[in-house]
Amino acid sequence: MFSQNMIIRDGEYTKTIYTMIKEERFQDAINTLNTIPESSTTRAGLSLLGHCYYQTQDFIEAANCYEHLLNLVPDVQEYRLYYAQSLFQAGLFEEAQKIIATGLDSPELKDKVLQLQSAIAYGNEDYTAAQSLLLQRQDGNGQEASTKNDEGCLLYQANMYEDALQRYVSALQAGGFNPHVAYNAALCHYRRKENSQALNYIAEIVERGIRNHPELGVGAQAETEGGARSVGNPPALAASGLAQAFNLKAAIEYQEGNADGAREALTDLPPRSEPELDPVTLHNMALTDPTGGGAGLRRLAFLLELGPPACPPETFANLLLLCCKHEMYDTAADILAEHTHLTYKYLSPYLYDLLDALITAQSTPEEAEQKLGTLASSIGGRLRALAAKVQECRSATDQNALRMALREYEGALESYLPVAMARAWIPWRMDDFQGAEREFRASAEFCSETPSWRLHAAHVLFMRGDRYKEAAAFYEPIVRQNYDDILSIPASVLANLCVAYIMTSQNEEAEELMRKVERAEERKGNATGQCLHLCIVNLVIGTLYCAKNNYEFGLSRIAHALDGGSGARLCADTWIHVKRCVLGLLTGMAKQTIVLPSIALQETLNFLRACEAYGLTIPSVLTGPLEDSGEQPPTIGLEARKLRALLLRLMEYK
């Protein structure tokens, strides 16, 4: 590594600088050149600085160097081309086009100029112009692979993924393995939902990247638990295609519902500090952030402010969807209003209609229901037509046509499912569970075999209060499918199934399920209190008994679930069950409709005293991803003390 205090003898500057450039120590070369006053005023110095800045991806500084060079030697066409390339890489497309138009007419550079012009048109989303410029290029001088790749990019933008894939394969055959072309081919497979083929290309890119560039430290972040030294953005990283490959792998894992796998793929990236991350990596980290939605929303908002071309096209839609996920509908409405010009550019009509309905539901649910109904009818008609097409293809035994028809049907079903869920969500949020069940029955024609639909249908039946047997019938297959890894099942599913068993006099099944969860937690180790499955099951059962006015047994079950209030399981998620039940007890005692034995009241006081002692610094409420009022949130200890004081007053009342 170059030291700022390194002493270079007179006459050895040229040798030292060129050695650094040969060894790709471009930042060291820049530091050395900047110590020489003549570097910023001479042709040789500016040429070297421009090259080094370009290689370190500091394209603005590179453009400045080439601009000064053009003032010194305006007749050198190569500098004009390098200047335009630097501006293009910096996202200054119009400025780059102006430089090309002002005297860049060397016959020797014609193909490179045409390639740059087509890239500018492509970046400006003027695909017709890009295609026209591409046709003017010649395939000689080893440019066949580059031309095939560029043709593939244009076909990809036109959603012609199969034709684009053929061009990329031809480019790999003509020019040998190129990680960027291989990534493009993987991206086509990803769009065609051929994830296994995409992962094969990704594996080859990663394998070659690790073998050819061990200095990039692939996987070092995971090995050091995030403590690896940043490698920055060297030319080797850009050339290796590793960033693109790992990001695509993360996208595949995320799409398949494996958020941990997506985070692991991003962790395997060469270590960089956050300011050094490329926009796509930053975008994907925002979607997979394990700490909550706040950091993700801020990252997406930052990218949106950068604007194109730095901002990935998916940012706008994902920011809006993340806001709706966290029920920040006013924020989503504000973003839509502030970026109207992006609405038509980056949101499909379907997604806009869905988001518009979700936001409208906050003020006028009836209008939202009408919008969602129109959307559901449109997609439902398309699903029926596609189902008929699938049957025709099966009868004709045309496997290729059948695969395409099934892919179209699955794509339409993916669009229909969120609409069906949203239609059921509107009555659900108003505690109209009968209305929610009605919406689920309406969508059963298409979604009844979809796991997420069955899960939410079970929740609706459970909340009806009189449909526990039907709810259990939906929950049981979910549990059976994951019986060997029962802790992978959401705790709410296990808790609701246990309650459903109890309410239908199947106590033995409930006890067996709880024993299974307990054994799984013992094997995993629950010393840190992070595994809350059995705790939540007991809390829900305790709440059920309290709701049936059996507070003596219900509160004892809740206290047992939380280790008497002195365990690591005490947190905002679990405390909400405690205070609801205690408040129910206090209300009944105040109305003199509930009478508890003295020993049960004393146990409740002891439980609250333990919660007070161990919850002094634990927040009692869950905050939203962007909630930051600056005020200290209430703690479990404070609320437990207030509840204990109220209980003592009621016990003393005569």
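C311 is buried, with a relative accessible area of 10%. In this predicted model, C311 takes part in no disulfide. The nearest cysteine sulfur belongs to C323 and is 14 Å away. C324 is likewise buried, at 9% relative accessibility. C324 is in no disulfide either. Its nearest cysteine sulfur, again that of C323, is 6.9 Å away. A disulfide is a covalent bond between the sulfur atoms of two cysteines. Because a disulfide requires the two sulfur atoms to be within 2.5 Å, neither the 14 Å from C311 to C323 nor the 6.9 Å from C324 to C323 qualifies. A search of the whole structure finds zero disulfides.

The overall architecture is helical. The protein contains 34 helices and zero strands. Its C-alpha trace spans about 100 × 70 × 45 Å along the principal axes. The chain has 654 residues, of which 45% count as buried.

Charged residues were examined next. The structure holds 29 salt bridges. One of them links E367 to K371, with the closest N and O atoms 3.5 Å apart. Both residues lie in helix α23, which covers residues 365-396. They are four residues apart, about one turn of the helix. E367 is partly exposed, with a relative accessible area of 39%. K371 is also partly exposed, at 27% relative accessibility.

A second salt bridge joins R467 and E470, whose closest N and O atoms are 2.7 Å apart. R467 counts as buried because its relative accessibility is 15%, under the 20% cut-off. E470 is partly exposed, with a relative accessible area of 33%. A third salt bridge pairs D563 with R569, and here the closest N and O atoms are 2.7 Å apart. D563 is partly exposed, at a relative accessible area of 38%. R569 counts as buried, at 17% relative accessibility. Salt bridges that share partners also build a network. It joins E437, R441, R464, R467 and E470.

L461 offers a reference point in helix α26, which spans residues 451-464. L461 is buried, with a relative accessible area of 5%. L461 and E367 are 94 residues apart in sequence. In space, their C-alpha atoms are 26 Å apart.

Acidic residues also gather on the surface. E305, D330, D334 and E338 form a negative surface patch. Helix α20, residues 329-338, contributes the largest share of this patch, with three residues. D330 lies in helix α20. D330 counts as exposed because its relative accessible area is 62%, over the 50% cut-off.

Several loop residues were also examined. G176 lies in the loop between α10 (161-175) and α11 (179-191). G176 is partly exposed, at 31% relative accessibility. T147 is 29 residues away from G176 along the chain. The C-alpha atoms of G176 and T147 are separated by 14 Å.

Backbone geometry marks two further loop positions. Most residues other than glycine have a negative phi. K193 has a positive phi of about 60°, although it is not a glycine. K193 is found in the loop between α11 and α12 (195-212). K193 is partly exposed, with a relative accessible area of 35%. S505 also has a positive phi of about 60°, and S505 is not a glycine. S505 lies in the loop between α28 (491-503) and α29 (507-524). S505 counts as exposed because its relative accessible area is 69%, over the 50% cut-off.

Definitions and conventions
Residues are numbered from 1 along each chain as its sequence is written. This is a predicted model: local features need pLDDT of at least 70, side-chain atom pairs count only at pLDDT 80 or more; totals for chains, interfaces and linings use all residues. Side-chain values use heavy atoms; hydrogens and water are left out. Patches are made of residues with over 30% relative accessible area and no salt bridge: like charges are joined within 9 Å, nonpolar side chains (Val, Leu, Ile, Met, Phe, Trp, Tyr) within 5 Å. Accessible areas come from the Shrake-Rupley method with a 1.4 Å probe; for residues, only the protein chains shown count as cover. A salt bridge is a side-chain nitrogen of Lys or Arg within 4 Å of a carboxyl oxygen of Asp or Glu. Lys and Arg count as positive and Asp and Glu as negative; His and the chain ends are not counted. The place of a charge is taken as NZ of Lys, CZ of Arg, CG of Asp or CD of Glu. Helices (H or I, at least four residues) and strands (E, at least two) are DSSP runs, numbered from the N terminus. Buried means under 20% relative accessible area, exposed over 50%, partly exposed in between (1.4 Å probe, protein chains only).
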